[in-house]
Amino acid sequence: MSECSHDCLSCSANCSERKPESFLKALNPRSSVKKVIAVVSGKGGVGKSLVTCLLTSEMQRRGYRCAVLDADITGPSVPKSFGITEHAMGTEEYLLPVTTESGLQIMSINLILENETEPVVWRGPVIAGAVTQFWTDVLWTDVDYMFVDMPPGTGDVPLTVFQSLPVDGVVIVTTPQNLVGMIVSKAVNMAGMMNVPVLGLVENMSYYVCPDCGKRHEIFGESQAERIAAEFDIPYTARIPIDPKITAMVDAGEIEKVDGGELAALADSLEKALPLKSES
Ligand code: ADP
């Protein structure tokens, strides 16, 4: 047997030292991103983008430099939530993210399209390629925490995104009626296959507080967040109410001003689970 070259990519030997092939894409040399957190959901419309934007804003308020990579190419809602109307600019070498009022860096397909109402009718590999380029070709400046608004579901595109970006942790977003174990278990299994820890479960639209009597109504059924989190060993849960004020502020592009509510405690646990190197 020939001597080991330690380069598994160019060697066909099936030895015990063999490392699995890595599909990770490199960030461009002038960018810096310390931690990447993927926000996932079993299906669309459950508030994944809302949670991504609220969590990112909460971390930014704590003094970290944060970014959102909007990987939900066919349903991009991040720029509108932050009230961004301008287009992303580029140089020969890089695409520059758009910066929000508080300094958050954002990249989304809607910042590139001529007309934001244009549908993106691309096939999966092209969509996945666009997301990968948001990682490799955008100039991300000194980002501490990047939140990736993942495409919904557990299909081909989210899988490629997981394989291409160095995701450090996952937050799963769901609603009470979707907490039928199966959807969460698919998301948990996907993260497990990628060797990425699930850091939290957010139950969105969990309840509604009557503005007249202050009583909590669990409109979509009793909360199952704690039970499901225990079943899948997810260390942290947060509940977000249905709140027309949130809808109005998102529509007005003022998501940075929305109070994170229970997400503040989830942000505490993200800081602990993924400390920045200089602090550890
Ligand atoms: P997803 O990313 O899962 O497709 P979005 O975050 O875009 O879902 O949410 C869909 C819509 O529902 C948005 O208009 C959002 O503002 C609204 N929404 C989500 N969660 C809430 C909530 N808890 N209270 C009020 N409106 C909400």
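**Entry 1: a pair to start from**

I began in the middle of the sheet, where I172 stands opposite L201 in β7. The strands β6 and β7 are parallel partners, with five bridges between them. I count two strands as paired if DSSP finds at least two bridges between them. Helices (H or I, at least four residues) and strands (E, at least two) are DSSP runs, numbered from the N terminus.

A note to myself on the source: this is a predicted model, in which local features need pLDDT of at least 70, side-chain atom pairs count only at pLDDT 80 or more, and totals for chains, interfaces and linings use all residues. Residues are numbered from 1 along each chain as its sequence is written, and side-chain values use heavy atoms, with hydrogens and water left out.

**Entry 2: the whole sheet**

Next I looked up the strand order. Eight strands make an open sheet, running β3-β4-β2-β5-β1-β6-β7-β10, with mixed pairing. Which strands stand at the edges? They are β3 (98–99) and β10 (237–239); each has a single partner strand, so one side of each lacks a neighbour in the sheet. As a reminder, strands of a sheet pair through backbone hydrogen bonds, either parallel or antiparallel.

I then went through some of the pairs:

- β2 (residues 66–70) and β4 (residues 105–107) are parallel, with three bridges; V68 has I106 as its bridge partner in β4.
- β1 and β5 run parallel and are joined by six bridges; V39 stands opposite D149 in β5.
- β1 and β6 are also parallel, over five bridges; here V40 stands opposite I172 in β6.
- β7 and β10 pair in the parallel sense over three bridges, and V202 stands opposite A238 in β10.

I172 is therefore a nice residue to click on: it stands opposite V40 and also opposite L201, by the pairing rule of at least two bridges between strands.

**Entry 3: how covered are the strands?**

I used relative accessible area here: buried is under 20%, exposed is over 50%, and partly exposed lies in between (1.4 Å probe, protein chains only). How many residues of β1 are buried? Eight of its nine are, so β1 is largely enclosed by the rest of the structure. For β7 I found six of six residues buried.

**Entry 4: helices across the sheet**

For packing I took contact as heavy atoms within 4.5 Å. Axes are lines fitted to C-alpha atoms, for helices over the stretch in contact, and angles run from 0 to 180 degrees between N-to-C directions.

Helix α1 (residues 48–61) lies across β1 (33–41), β2, β5 (143–149), β6 (169–174) and β7 (198–203), at about 170° to β5. Helix α8 (residues 263–273) lies across β1, β5, β6, β7 and β10, at about 175° to β7.

A273 belongs to α8 and is partly exposed, at 42% relative accessibility. I checked its distance to L199: 7.6 Å from C-alpha to C-alpha, with the two positions 74 residues apart in sequence.

I also opened α4 (residues 156–164), where V157, P158, V161, F162 and S164 are buried. Their cover includes β1, α3 (124–136), β6 and α5.

**Entry 5: the cavity**

I ran this on a 1 Å grid over the protein atoms alone: a cavity is a set of points where a 1.4 Å probe fits but cannot get out, and lining residues have an atom within 4 Å of a point. Grid points are joined across faces, edges and corners, and a volume is the space filled by probe spheres set on the points.

I found one cavity of 30 Å³ or more, and the largest has a volume of about 50 Å³. What lines the largest cavity? V40, S41, G153, T154, F162, V170, A187, M190 and A191 do. Helix α5 (182–193) and strand β1 each supply at least two lining residues, and α5 gives the most, with three.

The lining splits into six nonpolar, three polar and no charged residues. In this split Ala, Val, Leu, Ile, Met, Phe, Trp, Tyr, Cys and Pro are nonpolar, Asp, Glu, Lys and Arg are charged, and the others, Gly among them, are polar.

**Entry 6: two positive phi values**

Most residues other than glycine have a negative phi, and I noted two exceptions. D142, in the loop between α3 and β5, has a positive phi of about 45° and is partly exposed at 44%. M205, in the loop between β7 and β8 (208–209), has a positive phi of about 55° and is partly exposed at 26%.

How values were computed. On a 1 Å grid over the protein atoms alone, a cavity is a set of points where a 1.4 Å probe fits but cannot get out, and a pocket is an open set with protein on both sides within 12 Å along at least five of seven lines; lining residues have an atom within 4 Å of a point.
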